[in-house]
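Open the model in your viewer and show it as a cartoon. Keep the selection panel at hand for this short tour.

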Amino acid sequence: MVLGSTGTHVGDQVTAAALRPLTRAEVRSIDEIAIGEYGMPGICLMENAGRGAAEQIVAHTPANEIAILCGGGNNGGDGFVIARHLELMGRRPHVFLLADPGKLAGDALTNWQIAMAGKIACEVVDERSLPSLQRKLADAACIVDAMLGTGASGDPRGAIALAIQAANAAKAFRVAIDLPSGLDCDTGSPGNPCFRADLTCTFVAEKIGFDAAGAREFTGTIRVVPIGAPADLMNRYAASESNGG
Ligand SMILES: NC(=O)C1=CN([C@@H]2O[C@H](COP(=O)(O)OP(=O)(O)OC[C@H]3O[C@@H](n4cnc5c(N)ncnc54)[C@H](O)[C@@H]3O)[C@@H](O)[C@H]2O)[C@@H](O)CC1
Ligand SMILES: [K+]
């Protein structure tokens, strides 16, 4: 049964297009079930997520130079995949890692290592290089927020908070990956600070908080990007009511 469709979906997964907005817990459990029950390697999900988001970025902006702000979790891992695909699509991505590369793990670490081996322009931002990042973002044509996704808690902290402020002050076309960093995806409440996107490429389904009053000021246009989870799994959610998070 189709419970909700905004007409903003992409991809050829019929059931993904029919999915109602999901809570943070639901969308995270789809990732976990795809990996645990269906045997999909998490890195396949990340590859689909990153490539789909790169396709959306290219469809929405002609910008050539694209700054990709990456955090230390899997949202950052998506950012490394996006950079690789943007380069293949003829754009010039530049990754700024706002975390200690020594603390990357799992699929994010693998994709960071692939980016390094592939000589994608990447730099690690620390306190000393933050002013230089702020200057570079002021000149960027497109800024991608792959800092915080569904694993974030509380207001953005440290270098990520400063990068969000610098990105919001820039004239660039801004793209959020999965959700704008700082936005609570269940309530739609913006944290302090909160990335202000022109486009949000969100994975699997819209997040329930995107419908809250004022949330669209931070998400901008929303595009749902499938991550390749089996239709059988998606159907279980399409036919169920929200579990309330
Ligand atoms: N296999 C999967 O589970 C998939 C996950 N995907 C991506 O992974 C994301 C979730 O990844 P994670 O669970 O690793 O979590 P996130 O990457 O959303 O956040 C965790 C990272 O942020 C830091 N952090 C948390 N709260 C913070 C705050 N308030 N200020 C500053 N830093 C903070 C943590 O120390 C950690 O480094 C999704 O939103 C999606 O983008 C996609 O790649 C699709 C597949
Ligand atoms: K994000």
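Two strands count as paired when DSSP finds at least two bridges between them. Keep in mind that this is a predicted model.

**Stop 1: S4 and S5.** Select strand S4 together with strand S5, residues 173–177. Four bridges join S4 to S5, and the two run parallel. Now pick valine 144: its bridge partner in S5 is valine 175.

**Stop 2: S1.** Add strand S1, residues 65–70. S1 is parallel to S4, and five bridges join them. Isoleucine 68 has valine 144 as its bridge partner in S4. So valine 144 serves in both pairings, since valine 175 is its bridge partner in S5.

**Stop 3: S4 alone.** Select residues 142–146. Is this strand enclosed or open? Five of its five residues are buried, so S4 is largely enclosed by the rest of the structure. Turn on the side chains. In a regular strand they alternate between the two faces of the sheet. Here Cys142, Val144 and Ala146 point one way. Ile143 and Asp145 point the other way. All of these are buried.

**Stop 4: H7.** Select helix H7, residues 158–169. S4, H7 and S5 together make a right-handed β-α-β unit.

**Stop 5: glutamine 165.** Stay in H7 and pick glutamine 165. Why is glutamine 165 partly exposed? It has 16 other C-beta atoms within 10 Å, and a residue counts as buried at 20 or more and as exposed at 12 or fewer. Finally, draw a distance from its C-alpha atom to that of cysteine 122. The two are 43 residues apart along the chain and separated by 21 Å.

Conventions. Residues are numbered from 1 along each chain as its sequence is written. Chains are lettered from A and ligands numbered from 1 in the order in which they are written. This is a predicted model: local features need pLDDT of at least 70, side-chain atom pairs count only at pLDDT 80 or more; totals for chains, interfaces and linings use all residues. A crossover is right-handed if, with the strands pointing away from the viewer, the path from the first strand over the helix to the second runs clockwise.
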